[in-house]
Amino acid sequence: QTEPRRKRRCLPEVAPQADDEHLRINLGQLLQDGYAVVTAAVVHGNDLHRAFDTAHVLGAGVGLAVRTDAALRERSFGVFEGLTFAEIEQRHPAEALRWRQRDAHFGPDGGETLLAFYQRAVSGVAAIAAGQRGQHVAVVTHGGVLDALYRAAARVALDAPRTWKIGNASINRLLHGEHGFTLVGWSDDLHLEDPLFEEGAL
């Protein structure tokens, strides 16, 4: 989690890398020790550094190179990027309302509509899965992409309020087949309770 994210700021894709350094350092070792995707045949991450850095650590822990894919990028928020949520409300009140209402056809100036982002994210991960059929694939991505994947798998409408958790560094498991995505497990964060992650462990 980055410092701007903790301040509830709308992050651009070129935002600072995650500063939870102890988490990033130990992620690969934890996966290697059997916490998660040790059976993955390939690791995918987006091509910009916030998620790519984590994907690289994960891949190094299990001996796999990272394949990059722009479809895994977070939604582009155009003029909202770099602003806090309060600043968005103050400077762009009408647009902020449509954003809060999850208007599928709304996109901030210079950014993506919710529908375009959803289609890009879901089709991108579906293409990754189709290209690795029969294999386990690790995908490292952002909260917005995960939200889109959950909605696709659970058949939840784009304008429906979110009632599920999307946690930092959590593990989410999906199955992809001819009928699309199916939920297998969601927001598994038991690995974060490991003593290695306790304050001052390093």
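Me: A salt bridge is a side-chain nitrogen of Lys or Arg within 4 Å of a carboxyl oxygen of Asp or Glu. In this predicted model, how many residues apart in sequence are the parts that D189 and K165 tie together?

Reply: The side chains of D189 and K165 meet in a salt bridge at 3.3 Å, N to O. D189 belongs to the segment after β5 and K165 to the loop between α7 and β4, so the pair ties together parts whose separation in sequence is 24 residues.

Me: Is D189 buried, partly exposed or exposed?

Reply: Buried means under 20% relative accessible area and exposed means over 50%. The relative accessible area of D189 is 24%, so this residue is classed as partly exposed.

Me: Which strands are tied together by the pair R173 and D188?

Reply: The side chains of R173 and D188 form a salt bridge, with 3.2 Å from N to O. The pair ties together parts that are 15 residues apart in sequence, because R173 lies in strand β4 and D188 in strand β5. The strands are therefore β4 and β5.

Me: Which residues are joined into one network by salt bridges that share partners?

Reply: R173 is partly exposed at 33%, and D188 is partly exposed at 23%. The network is made up of other residues, joined by salt bridges that share partners: R102, D147, R151 and R162.

Me: How many residues apart are R162 and D147?

Reply: The side chains of R162 and D147 meet in a salt bridge of 3.0 Å, N to O. This pair links distant parts of the chain, with R162 in the loop between α7 and β4 and D147 in helix α7, at a separation of 15 residues.

Me: Which of these partners is buried, D147 or R162?

Reply: A relative accessible area under 20% counts as buried. R162 has 45% relative accessibility and so counts as partly exposed. With a relative accessible area of 5%, the buried partner is therefore D147.

Me: Which side chain of opposite charge is nearest to R75?

Reply: R75 lies in the loop between β2 (66-68) and α4 (85-91). It is buried yet has no salt bridge. The nearest side chain of opposite charge is 5.8 Å away, beyond the 4 Å cut-off, and belongs to E112.

Me: Which backbone oxygen atoms does the side chain of R75 reach, that of F106 and that of which other residue?

Reply: The contacts of R75 include W99, F106, E112 and F117. Its side chain reaches the backbone oxygen of F106 at 3.0 Å. A polar atom of this side chain also lies 3.0 Å from the backbone oxygen of E112.

Me: What expected length does helix α6 come close to?

Reply: Helix α6 spans residues 114-131 and has 18 residues. Its buried residues include L114, F117 and R120, and what covers the buried residues includes β1 (40-45) and α7 (143-154). From first C-alpha to last, the helix reaches 26 Å, close to the expected 26 Å.

Me: Which backbone nitrogen lies 2.9 Å from a polar atom of the side chain of D69?

Reply: D69 is in the loop between β2 and α4 and is partly exposed, with a relative accessible area of 22%. Its contacts include G124 and I128, both among the buried residues of α6. The backbone nitrogen that lies 2.9 Å from a polar atom of its side chain is that of A71.

Notes:
Residues numbered from 1 in each chain as written. Predicted model: local features only at pLDDT ≥ 70, side-chain atom pairs only at ≥ 80, totals over all residues. Heavy atoms only, no water. Helix = DSSP H or I, 4+ residues; strand = E, 2+ residues; numbered from the N terminus. Buried < 20%, exposed > 50% of the residue type's maximum accessible area, 1.4 Å probe, protein only. Lys, Arg positive; Asp, Glu negative; His and termini not counted. Polar contact = N/O pair within 3.5 Å; in protein donor to acceptor, adjacent residues only side chain to side chain. Contact = heavy atoms within 4.5 Å. Expected span 1.5 Å × (residues − 1). Lists of a residue's contacts leave out its neighbours within four places in sequence.
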